[in-house]
Amino acid sequence: LGLLGDLRRALDAHEVQLHYQPKVRFDGHVAGLEALVRWVHPERGRVPPDEFIAIAESSGLMPHLTEYVLETALGQVAKWRSEGLFVPVAVNVSPRDVHTPGFAGSVAARLARHGVPAGALQLEITEHVLLEDPQRAADTLAGLTAHGVKMSLDDFGTGYSSLVHLRRLPVSELKIDRSFVARLAVDAEDGEIVRCTVDLAHSLGLLVVAEGVEDDETWERLRDLGCDAVQGWLVAAAMPPEETTAWLRARG
Ligand code: G
Ligand code: G
Ligand code: MN
Ligand code: NA
């Protein structure tokens with residue numbers, strides 16, 4: 001309970017920050033940045049995101065955290081755009097958010113308020129959005145998509161009966177979970193899983209991003225398998241805003 005109260009205050013005090021991790025195509029083009037929350041507690045130090053996200057989920061604070069992340073990320077996108085850096089940003093949203101009434105409308109209003117085009121925002125969801133009320137989730141996602149917001153299916157392969165969901169969810173991108181990518185270069189089965197996922201995604205007209213790419217060999221394998229973009233420490237870890245700006249500028 002202590003940590004929950006602290007998280008509430010941390011959000012109000014802007015103690016929670018966003019770091020940004022690039023998604024890069026094989027030709028070097030920066031396809032986008034993923035916003036990832038970071039919280040450095042004044043006494044406990046760095047609190048792992050998994051830990052406080054779980055607290056936010058179970059306490060009902062998640063909508064507040066998501067609003068905070070969307071607000072911060074869109075403010076940053078607007079700032080970058082004003083500086084001539086036109087890079088789309090992806091925000092992770094939880095199943096809870098997708099089931100919150102009016103979510104699609106509130107995202108649209110927030111975009112308008114920041115003067116950011118919908119195409120500059122991507123939302124990363126997981127298959128778990130379909131666990132509660134699949135129809136409602138599909139309606140919300142359709143509303144967001146109709147507005148021009150791009151949807152990405154995160155952690156692909158770790159949910160349940162993924163293939164059914166792929167047909168029901170209006171997503172334009174699929175992210176292969178890093179548990180399949182990590183040993184891609186050394187494990188033949190993981191290699192086959194990734195190959196099939198890339199082919200499946202392409203046959204459905206989706207872009208494929210591989211997460212957790214840490215070495216050149218994996219990068220090369222993914223390129224040869226026809227993957228569209230990669231994310232991982234080989235390219236860059238999540239960086240604070242100023243470092244991200246410098247990284248983007250150095251890329252040209
Ligand atoms: O890279 P990292 O340790 O930050 O991420 C841990 C987990 O927390 C990942 O599964 C990531 O999707 C999730 N996460 C990071 N930032 C956010 C956020 O702003 N909102 C939500 N819902 N999840 C996030
Ligand atoms: O599931 P999600 O996409 O939200 O996860 C992002 C998480 O993955 C964050 O915790 C981030 O720090 C972590 N991450 C990003 N790149 C790498 C990588 O190359 N290797 C590993 N092991 N973790 C990574
Ligand atoms: Mn993600
Ligand atoms: Na992921």
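## Helix packing: α1 against α2

Angles of 65 to 115 degrees between axes count as roughly perpendicular. In this predicted model, the axes of α1 (residues 2–12) and α2 cross at roughly 95 degrees. The two helices are therefore roughly perpendicular to each other. Their axes come within 10 Å.

The contact can be read residue by residue. From α1 come Leu3, Leu4 and Leu7. They meet Phe52, Ile55, Ala56 and Ser59 of α2. By class, this contact has 6 nonpolar residues, 1 polar residue and no charged residues.

## Overall fold

The protein chain has 252 residues. Its secondary structure comes to 12 helices and 9 strands. The C-alpha trace spans about 50 × 45 × 35 Å along its principal axes.

A compact globule of 252 residues would have a radius of gyration near 18 Å. The protein chain has 18 Å, so the two agree. Of its residues, 37% count as buried. Among contacts with a separation of 6 or more, 64% join residues 24 or more positions apart.

## The shell around ligand 1

Helix α2 also takes part in the surroundings of ligand 1. The residues around this ligand are Leu36, Val37, Pro49, Asp50, Ile53, Val69, Asn92, Val93 and Ser94. Both β2 (30–41) and α2 (49–59) supply at least two residues each. The most come from α2, with 3 residues.

By class, the shell around ligand 1 has 6 nonpolar, 2 polar and 1 charged residues. Asp50 is one of the residues around this ligand, as are Asn92 and Ser94.

## The shell around ligand 2

Around ligand 2 there are 13 residues. Those that come nearest are Asp155, Gly212, Glu214, Gly232 and Trp233. The shell divides into 4 nonpolar, 4 polar and 5 charged residues.

Asp155 deserves a separate look. It lies in strand β6 (residues 150–156). Its phi is positive, at about 55 degrees, although aspartate 155 is not a glycine. Is aspartate 155 buried, exposed or partly exposed? It has 19 C-beta neighbours inside 10 Å. A residue needs 20 or more to be buried and 12 or fewer to be exposed. Aspartate 155 therefore counts as partly exposed.

## A second positive phi: histidine 14

Histidine 14 also has a positive phi of about 55 degrees. This residue is not a glycine either. Where is histidine 14 found? It sits in the loop between α1 and β1 (16–25).

Histidine 14 has 9 C-beta neighbours inside 10 Å, so it counts as exposed. Aspartate 155, by contrast, is partly exposed and belongs to a strand.

## Serine 82

Serine 82 is part of helix α3, which covers residues 62–82. Inside 10 Å it has 9 C-beta neighbours, and therefore counts as exposed.

Glutamate 173 is 91 residues from serine 82 along the chain. In space, 27 Å separates the C-alpha atoms of serine 82 and glutamate 173.

Key: Residues numbered from 1 in each chain as written. Chains lettered and ligands numbered in written order. Predicted model: local features only at pLDDT ≥ 70, side-chain atom pairs only at ≥ 80, totals over all residues. Near = placed C-beta within 6 Å. Helix = DSSP H or I, 4+ residues; strand = E, 2+ residues; numbered from the N terminus. Nonpolar A, V, L, I, M, F, W, Y, C, P; charged D, E, K, R; others polar. Axes fitted to C-alpha atoms, helices over the stretch in contact; angles between N-to-C directions. Parallel < 35°, antiparallel > 145°, perpendicular 65-115°, else oblique. Contact = placed C-beta atoms within 7 Å. Rg over C-alpha atoms; globule rule 2.2 N^0.38 Å.
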